Structure formats: C-alpha cells, structure tokens
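Please work through the exercises below with the sequence and the structure in view, and try each task before reading its solution.

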Amino acid sequence: MAAVQMLDVHFPTTDGRMLILSRYTELNADQKLLLKQLKLDLPPQPPPRITSSAEVRSPPSPSLVVETFDRPY
C-alpha cells in the first residue's frame, strides 16, 4: 500500500487564481484485492480547492505542476 500516493494537481485559471485537485493514485489489482480482503475503503476524493487572487504569489505558469505527498491510509 506504500505505492498509493496523494497528488495535488494545480491548474492556473484565466483570472490568476489556482484550481487545486487533490487525488490519490489509482489502485492496481493487488491493492484493490488487499483492501477488499481487509474490508477497507479509501476515503472519498477530496473536493477541488481554488486559491484567492491574494494567495497567488507569482503569475501562474502555463505548465502543469504536480506535487506528491505520502499520506498513510
């Protein structure tokens, strides 16, 4: 289960804010089987967040930024 990660995907908006989608990686067949056998479920995907224009420190880059964080489940 250590391979399951939570990702923050940042999308710049046309008005200078940032849309942030936090998502965990898709489970492979073995991980799904393990969770089923343990009678566990991953929590639901978190809702999207959007920054206010005051939170943006620099102009958004046209490229996609992906940050990874290890979060135990």
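**Exercise 1: The chain as a whole**

Task: describe how contacts, secondary structure and surface are distributed in the protein chain of this predicted model.

Solution: Begin with the contacts that have a separation of 6 or more, of which 59% in the protein chain come from residues 24 or more positions apart. Next, count the elements, which are one helix and four strands, and read them along the sequence to obtain the pattern β-β-α-β-β. Finally, turn to the surface: the accessible area of the protein chain is about 5,600 Å², with 59% of it belonging to carbon and sulfur atoms, while 19% of the 73 residues count as buried.

**Exercise 2: A pair of strands**

Task: determine how strand β1 and strand β2 are joined, and which residue in β2 stands opposite Asp8.

Solution: Locate strand β1 at residues 6-12 and strand β2 at residues 18-24, and note that these strands run antiparallel and are joined by seven bridges. Within this pairing, the residue of β2 opposite Asp8 is Ser22. Then follow the chain through the hairpin, where five residues lie between the strands and Gly16 takes a positive phi near 90°.

**Exercise 3: Leu34 and its patch**

Task: classify Leu34 as buried, partly exposed or exposed, and place it in its surroundings.

Solution: Leu34 belongs to helix α1, which spans residues 29-37. Its relative accessibility is 37%, and because partly exposed covers the range between 20% and 50%, Leu34 counts as partly exposed. On the surface, Leu34 joins Met1, Leu38 and Leu40 in a nonpolar patch, whose members together have about 360 Å² of accessible area.

How values were computed. Residues numbered from 1 in each chain as written. Predicted model: local features only at pLDDT ≥ 70, side-chain atom pairs only at ≥ 80, totals over all residues. Heavy atoms only, no water. Pairing = 2+ DSSP bridges. Helix = DSSP H or I, 4+ residues; strand = E, 2+ residues; numbered from the N terminus. Patch = residues over 30% accessible without salt bridge, like charges linked within 9 Å, V, L, I, M, F, W, Y side chains within 5 Å. Areas by Shrake-Rupley, 256 points an atom, 1.4 Å probe, with all protein chains shown as cover. Salt bridge = Lys/Arg side-chain N within 4 Å of Asp/Glu carboxyl O. Buried < 20%, exposed > 50% of the residue type's maximum accessible area, 1.4 Å probe, protein only. Contact = heavy atoms within 4.5 Å.
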